[in-house]
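Let's take a walk through this protein together, from its overall fold to its inner spaces and its cysteines. Have the sequence and the 3D view open as you read.

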Amino acid sequence: MTLDSVKYMQGGASRPLYIGYNTQLGKPAAPVLNVTNSYLWANTLTVGSTGGGAAYADLCPTLAVTNSEGELQWSLNIGTANDKVHPTVRIGAGSLVRQYRNGGSSEGIEFHRGVDVEIADGGVLATKCVGNTGYWGMYLMSGAWGTVCVKNGGVFSTDIFTCKNDGATEAKHLDFVFDGGVLELTKGTQDLVPIALKCPEYQGFVTEGAGMTIRVGEEIVHTLATPVRGAGSVTKTGA
């Protein structure tokens with residue numbers, strides 16, 4: 001499915017938008033939502049959901065966003081708690097994909113299993129909830145594994161990380177890889193909570209090539225309590 005030069009709104013908490021849902025064997029199992037030159041709004045967007053039993057196929061959903069804005073009020077769920085789901089997300093030039101709510105409840109951006117995310121060429125993935133202390137920000141779910149790559153001026157923006165993934169292993173863990181990408185730490189209701197990812201010997205922040213820039217604005221304080229691994233540089237900018 002392609003959205004090109006349109007405004008698309010999927011309304012209501014009971015009407016989440018799924019890319020792939022309970023795909024049975026023999027059915028198309030690689031659905032794609034391509035958003036270009038458009039605006040997309042939904043309460044919740046889930047990139048991949050399946051029953052996962054013998055009757056269900058491995059599911060390979062893709063969200064690709066170029067020169068567009070996507071806004072989710074409650075959550076963006078990348079994958080699900082099932083190893084048969086392999087979500088791919090590409091956020092490119094001129095694009096902003098964010099979970100945002102000004103007042104009221106929300107969850108944030110959830111990272112599940114088989115994650116393959118790339119934010120590049122100035123694209124932005126962001127989460128923010130104003131006036132609510134119950135949301136999770138960038139949320140590493142239990143069993144999460146895969147890679148989030150921020151490169152070539154891509155921006156990964158949040159005021160809080162939450163990590164439930166306390167069973168990460170060398171074989172299955174979630175890395176945030178920066179190669180010329182920006183980690184933007186913003187002010188929020190929970191910005192004083194330390195950024196401490198569990199199992200740091202296996203998962204966390206990795207720098208390669210052009211390295212990682214940490215951008216923090218004036219009068220914003222964050223405690224980075226997770227090691228940064230890799231051969232790339234780390235540079236702080238901002239106030």
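The protein chain has zero helices and 22 strands, where helices (H or I, at least four residues) and strands (E, at least two) are DSSP runs numbered from the N terminus. Please keep in mind that this is a predicted model, in which local features need pLDDT of at least 70 and side-chain atom pairs count only at pLDDT 80 or more, while totals for chains, interfaces and linings use all residues. Residues are numbered from 1 along each chain as its sequence is written, and side-chain values use heavy atoms, with hydrogens and water left out.

Of the 239 residues in the chain, 49% count as buried (under 20% relative accessible area, with exposed over 50% and partly exposed in between, using a 1.4 Å probe and protein chains only). Contacts, meaning heavy atoms within 4.5 Å, often link distant parts of the sequence: among those with a separation of 6 or more, 83% join residues 24 or more positions apart.

Now look inside. A nonpolar core is a set of buried Ala, Val, Leu, Ile, Met, Phe, Trp, Tyr and Cys residues joined through side-chain atoms within 4.5 Å. The largest one here has 43 residues, and Phe111, Leu125, Val148, Phe156, Phe161 and Phe176 have the most contacts inside it. Strand E5 (residues 39-47) gives the most to this core, with four residues. Try centring your view on Phe156: leaving aside neighbours within four places in sequence, its contacts include Phe111, Ile119, Met138, Phe178 and Glu184.

Is there empty space too? A cavity is a set of points on a 1 Å grid over the protein atoms alone where a 1.4 Å probe fits but cannot get out, and its lining residues have an atom within 4 Å of a point. The count comes to one cavity of 30 Å³ or more, with a volume of about 50 Å³, taken as the space filled by probe spheres set on points joined across faces, edges and corners. E5, strand E6 (62-66) and strand E7 (69-78) each give two or more residues to its lining, and E7 gives the most, with three.

Finally, what about the cysteines? A search of the whole structure finds zero disulfides, a disulfide being a pair of cysteine sulfur atoms within 2.5 Å. The sulfur of Cys199 is 7.0 Å from the closest cysteine sulfur, in Cys163, so it is too far for a bond. Cys163 counts as buried at 9% relative accessibility, as does Cys199 at 15%.

Conventions
1 Å grid on protein atoms, 1.4 Å probe; cavity = no way out; pocket = protein on both sides within 12 Å on 5 of 7 lines; lining within 4 Å.
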